[in-house]
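Here are my notes after going through the model, point by point. Have the structure open while you read.

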Amino acid sequence: MAVYFDHNATTPLHEKALEAMQPYMEAIYGNPSSLHRFGRLQRDAIEQAREQVAALMGAQSSQVVFTSGGTEANNLMLKGLCIDAGVQRIAVSEIEHMSLLQPAATLADSGCAVDRIAVNEQGLVTQASLKQVIKDDTALVSVMAANNETGALQDIKKLAAQARANGAWFHTDASQIAGKLAFSFEQTGVHAMTLSAHKLYGPLGAGALIVDKQLPMHSLTQGGSQEKGLRAGTENVPAIVGFGMAAELAMQAMDERADHVRTLRDALEKLLQQFDQVKVFANEAGRLPNTLQMGVQDFDGETLLMELDRRGFAVSSGSACTSGKTEPSHVLKAMAIPDELATSAVRISFGRANTMEEVERFVEALEQILGLKSSAVMMAANL
Amino acid sequence: MNDKTDKPIYLDYSATTPIDERVVAEMLKYMGPDATFGNPASRSHAYGWQAEAAVEQARQHIADLVGADPREIIFTSGATESDNLAIKGVAHFNKKRGQHIITCKTEHKAVLDSCRQLEREGYEVTYLDPEQNGLVDLEKLKAAMRDDTTLVSIMHVNNEIGVIQDIEAIGNACRERKIVFHVDAAQSAGKVPIDLASLPVDLMSFSAHKIYGPKGMGALYVQRKPRVRLEAQMHGGGHERGMRSGTLATHQIVGMGEAFRIANEEMATENERLITLRNQLWDGLKDMEEVYINGDFEQRVAGNLNISFNYVEGESLLMALKDLAISSGSACTSASLEPSYVLRALGRNDELAHSSIRFSMGRYTTSKDIETTIKHVRTAVEKLRELSPLWDMYKDGIDLDSIEWAAH
Amino acid sequence: MAYGEKVLDHYENPRNVGKFDQNEDNIGTGMVGAPACGDVMRLQIKVNDEGVIEDAVFKTYGCGSAIASSSLLTEWVKGKTLDEAKAIKNTELAEELALPPVKIHCSVLAEDAINAAVEDYRKKNA
């Protein structure tokens with residue numbers, strides 16, 4: 001298989017998380033709502049995972065609502081808060097994930113004003129840009145903690161305080177930062193936070209919304225009182241157990257993991273300086289230690305990804321969820337990156353198993369690709 | 001699975017099933033650092049393509065079991081989400097055409113509560129009373145249909161009493177009136193033959209963990225020809241043809257696919273075996289006094305037997321039967337003190353509704369399990385009747401209805 | 001639902017299960033609850049000439065906590081005067097059995113039962 005440099009799309013399940021899950025796929029079965037012993041063991045497992053996830057994010061376990069993933073958590077946040085509560089206006093940043101922007105769009109369709117918070121050319125929401133859109137009736141502000149494409153980190157503590165000062169709730173999508181860098185629900189002062197298990201070496205199929213109990217949340221699904229009435233449906237116990245273990249492992253190994261990927265990323269960034277046509281996005285912003293997104297001047301993005309794949313490197317242009325599209329990403333557009341450059345975007349996101357040797361090979365491969373005669377590139381593009 | 005003596009005998013397969021070990025084996029191929037992993041939505045590398053291929057293979061298995069086209073299968077996080085998507089999705093999409101929905105009082109909470117939500121939004125819902133045997137009367141259903149009815153939702157197999165509705169007849173009635181027909185098949189897929197190619201059903205909900213697949217996984221069948229339109233409930237990257245956004249959980253989907261594939265192969269022989277076990281259980285209990293089967297005995301899924309032990313209270317019976325993992329109704333409502341709303345809807349009186357036990361058998365239930373179960377149940381019922389003032393009164397020939405109870 | 005040890009003990013070995021002839025003058029019968037609510041308790045006391053409860057029996061249709069509450073109550077009332085028996089509070093039963101909040105109504109029912117039995121005896125012997 002190719003070298004995997006796409007950890008912001010999904011991470012392989014950690015072997016210890018798998019180990020924790022396996023009993024719940026085999027010997028320990030039962031419905032958590034059942035009163036008998038089988039049910040009780042399932043409930044206990046869920047509560048332990050709730051503690052583990054809360055511990056990683058500096059929250060109380062009673063604030064953790066498990067969902068089927070980050071998309072559901074973002075949907076629950078926006079629609080669960082706004083649809084029934086008579087919310088008139090919310091503000092979301094331009095660079096949010098589709099799973100936040102799309103529910104926001106449905107709110108807009110139903111009459112709620114949705115203001116977009118601009119970012120600067122580094123992909124950062126400034127206090128000035130928040131100030132520009134926040135109004136007296138803004139009920140919710142949502143800004144992601146770390147961007148999935150560029151890796152740019154927002155100053156969530158400041159933005160949350162600013163939202164609070166304006167009487168608004170503050171939500172942050174922490175799917176990408178969780179487990180990669182220390183980030184605390186309590187210390188940042190947010191009211192709600194989205195998490196995704198499979199971004200931190202947990203399983204696909206689990207996520208969470210950590211939410212302050214004073215928020216008047218409503219469930220989006222009906223048919224059971226699971227998760228304190230905020231999420232109907234039989235709990236996905238193995239995935240929740242895996243999520244909990246992945247969170248615990250991330251907490252234990254956070255610095256070590258961050259140092260490892262930062263070393264690789266910084267080395268890559270340095271090596272890329274030899275290519276005049278390569279431009280690293282958000283390079284002056286604080287970024288996730290594992291992420292580097294670049295554009296290559298005068299080079300077709302699809303071709304670049306294809307050539308890298310042929311040479312054994314699994315990378316992506318940006319978000320996996322929109323990777324079928326050839327449009328420049330909305331994130332890069334919001335950063336005022338010219339379309340020609342934005343469409344050539346390549347995101348490299350490292351993980352715990354990557355090595356320096358892989359980075360060196362990647363740079364060699366890139367050198368070959370960029371060194372190809374333009375006619376050859378054009379031919380490849382027409383294949 | 002029940003060979004360990006310290007573990008209760010599991011007779012709660014309608015609440016959830018263990019994952020079949022063959023299913024686990026398939027799932028493990030997509031779990032862990034050495035496994036095939038990847039986001040099925042990743043289009044730029046083989047990790048994504050392989051995950052996507054596995055997803056499509058699973059979709060095919062699911063379609064095969066129910067006679068559908070794979071393109072008609074939309075993955076969700078479970079049957080609850082499928083029911084929510086089907087009911088609210090269709091109601092919202094057709095809001096301008098009409099705002100009336102018909103369902104039945106014995107549906108699963110996922111259907112009933114979705115309907116209640118629509119009522120809060122201004123829709124009108126007719127909740128049909130089932131007949132005493134738990135089946136919907138077709139004429140009553142037809143009589144409830146109106147020009148502004150946009151959706152009928154009737155489950156295939158009831159989770160508590162196991163009765164099988166005639167979805168073909170109901171579907172035909174819906175077609176005549178051009179009403180969308182949704183069927184919750186969480187309890188029937190893999191247990192009752194389903195051929196959506198010929199059935200007049202527009203939408204059908206499925207669950208993986210009810211048929212030896214993983215939790216957290218379900219699907220919604222959305223008919224393509226003619227195309228059933230619905231409004232998405234989960235928004236994001238536009239996965240699943242825009243009907244359900246969210247990263248697909250490859251290993252879970254693979255598990256669901258394998259579970260459906262196995263069910264397709266083994267359903268016939270398994271049903272035969274389960275009917276034998278069910279008969280064994282009923283034969284071992286039916287000579288007791290004041291014991292009643294809830295729901296039609298013939299139109300019933302193979303693994304289910306729901307029995308009321310009159311004059312014995314259900315929760316104390318469950319406590320006495322702690323060596324059996326059973327439930328007094330659906331798992332989703334089992335923490336409440338209310339008697340089963342399903343039995344109440346059948347017109348069962350309070351004592352009978354309070355004294356019901358659902359035995360649901362499955363792939364790993366043995367004849368020996370049933371033998372032990374019969375012994376435990378007989379002993380427990382006898383003991384509790386000794387303790388029951390109602391049993392005393394029944395024995396003394398006193399009509400309980402003649403007494404003025406002080407409800408508290 | 002996890003039951004406390006004392007509930008389990010009374011549930012598995014209920015004390016004083018039985019029935020007295022309710023037409024006898026020295027018997028007081030209290031039947032409370034309703035099948036619709038899932039619990040019916042019948043508590044009977046046998047009262048001697050000094051007005052002391054010398055024996056008590058019960059039968060209960062209900063959950064384990066209801067059975068335990070009535071079983072414990074029969075133990076407590078024996079040897080008590082009618083007034084002493086009436087003074088027993090549901091909270092004492094609930095505390096002794098460590099009933100969870102959702103089961104407090106079982107102890108209330110038991111308190112109702114002893115009150116009704118005493119009333120019945122007094123009515124008969126008035």
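1. Start with the small sheet in chain A of this predicted model. Three strands make up an open sheet, ordered β9-β10-β12, with antiparallel pairing. The edges are β9 (278-280) and β12 (346-349) of chain A, each of which pairs on one side only. On average, neighbouring strands here are turned by 30° against each other, direction ignored.

2. Within that sheet, have a look at how β10 (residues 291-296) of chain A meets β12(A): the two pair in the antiparallel sense over 4 bridges. If you want a residue to anchor the view, A:T291 sits opposite A:S349 in β12(A).

3. Next, the contact between chains A and B. It draws 60 residues from chain A and 58 residues from chain B. On the chain A side, the helices that each supply at least two residues are α1 (15-25), α2 (37-56), α3 (70-82), α4 (98-109), α8 (237-272) and α9 (301-310). Which of them gives the largest share? That would be α4(A), with 5 residues. Sorted by class, the side of chain A that touches chain B has 26 nonpolar, 27 polar and 7 charged residues.

4. Over to chain B as a whole. Its secondary structure amounts to 12 helices and 12 strands. The radius of gyration is 22 Å, close to the 22 Å that the globule rule gives for 408 residues, so chain B is as compact as a globular protein of that length. Along the principal axes, the C-alpha atoms of chain B fill a box of roughly 75 × 55 × 35 Å. Of the 408 residues in chain B, 60% are buried. As for contacts in chain B with a separation of 6 or more, 74% are between residues 24 or more positions apart.

5. My pick for a closer look in chain B is strand β6 (residues 180-184). Why call this strand largely enclosed by the rest of the structure? Because 5 of the 5 residues of β6(B) are buried; the cut-off for that is 20 or more other C-beta atoms within 10 Å of a residue's own. In a regular strand, side chains alternate between the two faces of the sheet. Here B:V180, B:H182 and B:D184 point one way, B:F181 and B:V183 point the other way, and all are buried. Note that B:H182 and B:D184 are on that list of buried residues.

6. Now the neighbours of β6(B). Strand β5 (residues 149-153) of chain B runs parallel to β6(B) and is joined to it by 3 bridges, and B:V152 has B:F181 as its bridge partner. Put helix α6 (residues 167-176) of chain B together with β5(B) and β6(B) and you get a right-handed β-α-β unit. There is also β7 (residues 203-207) of chain B, which pairs with β6(B) in the parallel sense over 3 bridges. In that pairing, B:V183 stands opposite B:M204 in β7(B).

7. Finally, chain C. It has 5 helices and 3 strands, following the pattern α-β-β-β-α-α-α-α along the sequence. A compact globule of 126 residues would have a radius of gyration near 14 Å, and chain C agrees because its value is 14 Å. Its C-alpha atoms fill a box of roughly 45 × 30 × 20 Å along the principal axes. Of the 126 residues of chain C, 48% count as buried. Among its contacts between residues at least 6 apart in sequence, 64% join residues at least 24 apart.

Methods. Residues are numbered from 1 along each chain as its sequence is written. Chains are lettered from A and ligands numbered from 1 in the order in which they are written. This is a predicted model: local features need pLDDT of at least 70, side-chain atom pairs count only at pLDDT 80 or more; totals for chains, interfaces and linings use all residues. Two residues are in contact if their C-beta atoms, placed from the backbone, lie within 7 Å. Ala, Val, Leu, Ile, Met, Phe, Trp, Tyr, Cys and Pro count as nonpolar, Asp, Glu, Lys and Arg as charged, and the others, Gly among them, as polar. Two strands pair if DSSP finds at least two bridges between them. Axes are lines fitted to C-alpha atoms, for helices over the stretch in contact, and angles run from 0 to 180 degrees between N-to-C directions. The radius of gyration is taken over C-alpha atoms; the globule rule is 2.2 Å times the number of residues to the power 0.38. A residue is buried if 20 or more other C-beta atoms lie within 10 Å of its own, exposed if 12 or fewer, and partly exposed in between; C-beta atoms are placed from the backbone. A crossover is right-handed if, with the strands pointing away from the viewer, the path from the first strand over the helix to the second runs clockwise.
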